[in-house]
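Student: I would like to go through this structure with you and ask, for each term used, what justifies it.

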Amino acid sequence: MLKGKDDFCEVPDLGSLKQEGKFRLVYMDYVSGKPVDSRVLEAMNPYHREIFGNPSSLHLLGDLPVEAVENARKAVADLIGAKDPKEIVFTSGATESNNLALKGVCFRNQNKGNHLIISAIEHISIINIAKYLEKFGFKTTSVGVDKYGLVNLDKLEKQIRPETLLISINYANNEIGTIEPIKEISKIAHDHNVLLHVDAVAAEGQIPIDVQKDGIDLLTLSSNDIYGPRGVGALYIKSGTMIEPIIQGGGQERGLRSGTENVPGIVGMGKAAEIAKKEMESDSARIQKMRDRIINTVLDTIDHSYLNGHPTLRLPNNAHFRFDYVEGEAILLGLNMRGIAVSTGSACAAKRLEPSHVLIATGLLKEEAHGSLELTLGKYNSEEDVDYLLESLPQVIDRLRKLSPLTPKEE
Ligand code: PMP
């Protein structure tokens, strides 16, 4: 059963999903969604009823929400080393932040250029925003990655043109967990007077991010990915960066994101950021130990198993495998029947059943990509969860391989 690591961290009741006595329930799909930390819920609660005022109101009921939003802005700024909390704009989530970053920079600076560069392994939201911008005359170049998912820096630099406005690269990849050399990428971008946007959704709260030291101009954050509520996110916009708002209205968030502030959500994201800053190091160390046990045991004990992504430059919670002669979806269903929730790639593309563009970009063949499985751990996982996974996974794969016509006879 999913268990809290200690008293103040108990996990939400998974209600009807629980089938006591039949199987354990083990969640290893933290990249797709995280339970909200109970301390975050507690911090948000008063802002639904007692402190419900609109921050734009001039009367006394508007004051407390303003203070709460500004405290949250400071906590989010602190998490990523921003110089000034004013550099944080709250949004409805990572997709909106990515839209604001890419469209905002392109539309505001179209007199200077019309070109942007993304990596071949960006989240689908980045890829689709770049495609959309082509309707307005912008051009996108997608830069390839090596077999580990690392952006090729030489190729990146060669793709920069005089009309390039922006480079957008993920801090770490949400599927294979590879951590990109952001500082080096920033140097390349700035040497050519190009802005750098970084989607930090997969990395935030797991590894330290410092926008000043890393040289980042715009950074996308999502609240749920640090155990905050859904429906909130933020975009860091370095002071002085020219950006056009994409939502027009009442001029909230210094005119960069109109619409009445989601005060409870913002307070929740602020609390989640404060907790992440304090506990990230110890949580990540514990999670990485479990993750390493999974990787080492799987590679040692399951024949024809391989690790996708980088062996060391990877997020502490990510274990991404490829198995010959079996489909990732079949493994997922087999584990699901035993109460273990995992993924085969990005939840945003899970229902399309197409091979992951991330795995294909790392050079895998379609059939190899289809044999992949993504396990992402989180702060509510325990060593017992790992024991149960490591007992179940070889059994599921063995059974599937026995049934598979692809398995060589001698297997
Ligand atoms: N970027 C990355 C790297 C993601 O993994 C996701 C999905 N969690 C998003 C952006 C979009 O997030 P959301 O659907 O919460 O807006």
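**Ligand shell and domain contact**

Tutor: Let us begin with the ligand, keeping in mind that this is a predicted model. Helix α3 (residues 94-108) gives the most to the shell around the ligand, with three residues.

Student: Which residues surround the ligand?

Tutor: The ligand is surrounded by Ala94, Thr95, Asn98, His123, Ser125, Asn174, Asp199 and Val201, and these divide into two nonpolar, five polar and one charged. Asp counts as charged, so Asp199 is the charged member of this shell.

Student: Why is the pair formed by Asp199 and the ligand called a polar contact?

Tutor: A polar side-chain atom of Asp199 lies 2.6 Å from a nitrogen atom of the ligand, and because the cut-off for a pair of N or O atoms is within 3.5 Å, the pair qualifies. An N or O atom in the side chain of Asn174 is 3.5 Å from an oxygen atom of the ligand, while for Ala94 a backbone N or O atom lies 3.5 Å from a ligand oxygen atom.

Student: How much of the ligand does the protein cover?

Tutor: On its own the ligand has 390 Å² of accessible area, of which the protein covers 77%.

Student: What makes up the two domains, and how do you know that they touch?

Tutor: The domain assignment gives domain 1 (2-36 + 280-403) and domain 2 (39-275). Their contact takes 36 residues from domain 1 and 37 residues from domain 2, and contact means heavy atoms within 4.5 Å, so the two domains do touch. Between them they bury about 3000 Å², 59% of it on carbon and sulfur atoms. In domain 1, Val36, Met280 and Leu315 lose the most area to domain 2, together 23% of what that side buries.

Terms used:
Residues are numbered from 1 along each chain as its sequence is written. This is a predicted model: local features need pLDDT of at least 70, side-chain atom pairs count only at pLDDT 80 or more; totals for chains, interfaces and linings use all residues. Side-chain values use heavy atoms; hydrogens and water are left out. A residue is near a molecule or strand if one of its heavy atoms lies within 4 Å of it. A polar contact is a pair of N or O atoms within 3.5 Å; within protein, one must be able to donate a hydrogen and the other to accept it, and residues adjacent in sequence count only if both atoms are side-chain atoms. Accessible areas come from the Shrake-Rupley method with a 1.4 Å probe; for residues, only the protein chains shown count as cover. Helices (H or I, at least four residues) and strands (E, at least two) are DSSP runs, numbered from the N terminus. Domain bounds come from an automatic or database domain assignment. Buried area is the accessible area (1.4 Å probe) that two parts lose on being put together, summed over both.
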